[in-house]
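Work through the exercises below with the model open. Try each task before reading its solution.

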Amino acid sequence: MQGVGPAICLGRDIDTDQIIAGRYLRTKDRSVWAEHVLEDLDPTLAERVRGAIIVAGRNMGCGSSREQAVVALREAGVVGVVAPSFARIFFRNAINIGLPVIEAPVPPCTDGVRVSFDLDAGWVEVDGKRYPARPLSAKMNAILRAGGLVPYWRSHR
Amino acid sequence: MSTLSERILDAPAGTYVDREVDLAFAHDGTGILAREALREMGVERLAHPERLRLIFDHIVPANTGMAATLQAELREYARTTGVALSDAGGGICHQVLSEGVVRPGTIVAGADSHSCTLGALGAFATGMGATDMAAIWASGATWFRVPETIAVCLSGRLSGAADPKDVALTYAAKLGMEGATYRALEFVGDGVADISMDGRLTLCNMAVETGAKTGLFYADGVTLRHLADHGVAASPQAPEECRYEQEIDIDLSDIVPLVAVPHRVDTVCEAEEVAGTHIDQVFVGTCTNGRYDDLFRFAEIVRGRRVAVRTLVIPASRAVLARAIATGILADIVDAGCMVATPGCGPCLGAHAGVLGEGEVCLSTANRNFKNRMGVGGEIYLSSAVTAAASALAGEIAVPEVA
Ligand code: SF4
């Protein structure tokens, strides 16, 4: 699994309230989440993340279990999320909806630099520099490759 | 020799295991998403409906037509599948399930990050997302990575105004917001025996604020008495010698009232250092501190006096509310000028019932003070219900004094 795109750089400890605020949760309409993704951090991000790879600081996605956070990122067109460490529920949720998340020791970067990753080969490249990606468990790998837990389930039952 | 997590999951730390889940629950927020995922998965029959619970707590009673419609759909789903539903007013999922549902030694999965709360009963309880929950509802099982464990060693006794919440803020400050990521926190040591079940639930509740997968107490006399009060018989769990990845020591006799200042739970200071800080609202409630102990300690301080700032008290469950009525402390709270609302999460997630306006400051007994969490532009300080009581009377952050 591979991906490439310009970087959108976020700080550390980005919590799920910042990714999608509680006030937008009372709907099943995914476009609402995409439209308001990262709004409290910067209202222009919802537009800018399309086709981009998020490079975040440590503890990406901490806070609540709300799956709307990862769905919002995916629906907004985020190609993947790279961070030195993730909150565990966010990480699990991302894999479950088929959003590539890559744990790698990436330093803070600037918006727009080129980011690419190759999960099979186990690396991520930020601004020309390559970093090792932490491997996924066999189960997580299979779920991500299937496109998420729903398609994985459908093909295994 | 194993940690409690290793014992319950029956595998050594670091391994991945597939396990049957003894209890799996979702609330009105995540339940809708799980329902959607089940539809997409094409699942019609649930593996073990008797092990599942739906609990309406996040937005109760519904504040908009949309919320009401989604809840109606979920209510109907519970009816047709036979999943037990705790409807609006029953209380917050973690509290409701602590009242005689969760048992020591079981595996519990909740579609809510604070599901770690239930580890206070000696269970392995952890939070997941809605799609994971759907898969559990469909199959009865899920995968876990058995966590390494950090021991939080408690010694001494709390005294005066010090509260289990202050202990939770102490370990949050020591570990930091990601200090325990992928780990379990095990609360051990001589100090444990003195901590009530309400206090233990508070301590386990905040484990996730350090990134932990769960927090656990071994079932002991306190646990068994608590369960017996709810008509449940259980056996104690004896700690074994085991290898912890890290140990942190907390002497309970050193604990004083603390406050977490905006916008991080690990930026903690003594209440004294922020005394005099302006506040617009005090909120006592949530799955962290909306229990009977909290309401009791709050009432002890405000009884016979008047709060000087808008103060909202939300019992964590109907059982807590009923007990507060029966013992008379609810009347004390109301007489002191506080608002009382339906058991549930209330304004904790910024959706309804006490949301903050731009620039407003709240002292809350919750577990999270993320920016904008209780409303855009609002600031949140976190404390115990004891500190909240003193501050409500003073109209500003104040240091509580308890003999
Ligand atoms: S009270 Fe707050 S933290 Fe607890 S479950 Fe409800 S929204 Fe979450």
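The exercises cover a ligand shell, a helix and two side chains in this predicted model.

**Exercise 1.** Find which residues surround the ligand, and sort the shell by character.

Solution.
- Start with the histidines: H58(B), H94(B) and H114(B) are among the surrounding residues.
- Add I92(B), D112(B), T286(B), C287(B), C345(B), C348(B), L349(B), N367(B) and R373(B).
- Now sort the shell: five residues are nonpolar, five polar and two charged.
- Next, check the domains. Domain 1 (1-255) and domain 2 (259-394) of chain B each supply at least three shell residues.
- Last, look at the space itself. The ligand takes up the largest cavity.

**Exercise 2.** Decide whether helix α7 (residues 197-205) of chain B is enclosed or open.

Solution.
- Take the cut-off: buried means under 20% relative accessible area.
- Go along the helix. M197(B), D198(B), G199(B), R200(B) and L201(B) are buried.
- T202(B), L203(B), C204(B) and N205(B) are buried too.
- That is nine of the nine residues, so α7 of chain B is largely enclosed by the rest of the structure.

**Exercise 3.** Place R145(B) and name its side-chain partner.

Solution.
- R145(B) belongs to strand β7 (residues 141-145) of chain B.
- Its relative accessible area is 16%, so R145(B) counts as buried.
- The R145(B) side chain makes a polar contact with the side chain of E148(B), at 3.1 Å.

**Exercise 4.** Is N93(A) buried or exposed, and what does its side chain reach?

Solution.
- Locate N93(A) in helix α5 (residues 88-96) of chain A.
- With a relative accessible area of 2%, N93(A) is buried.
- The N93(A) side chain reaches the backbone oxygen of S65(A) at 3.1 Å.

Technical notes: Residues numbered from 1 in each chain as written. Chains lettered and ligands numbered in written order. Predicted model: local features only at pLDDT ≥ 70, side-chain atom pairs only at ≥ 80, totals over all residues. Heavy atoms only, no water. Near = heavy atom within 4 Å. 1 Å grid on protein atoms, 1.4 Å probe; cavity = no way out; pocket = protein on both sides within 12 Å on 5 of 7 lines; lining within 4 Å. Sits in = over half its atoms within 2 Å of the grid points. Nonpolar A, V, L, I, M, F, W, Y, C, P; charged D, E, K, R; others polar. Domains from an automatic or database assignment. Helix = DSSP H or I, 4+ residues; strand = E, 2+ residues; numbered from the N terminus. Buried < 20%, exposed > 50% of the residue type's maximum accessible area, 1.4 Å probe, protein only. Polar contact = N/O pair within 3.5 Å; in protein donor to acceptor, adjacent residues only side chain to side chain.
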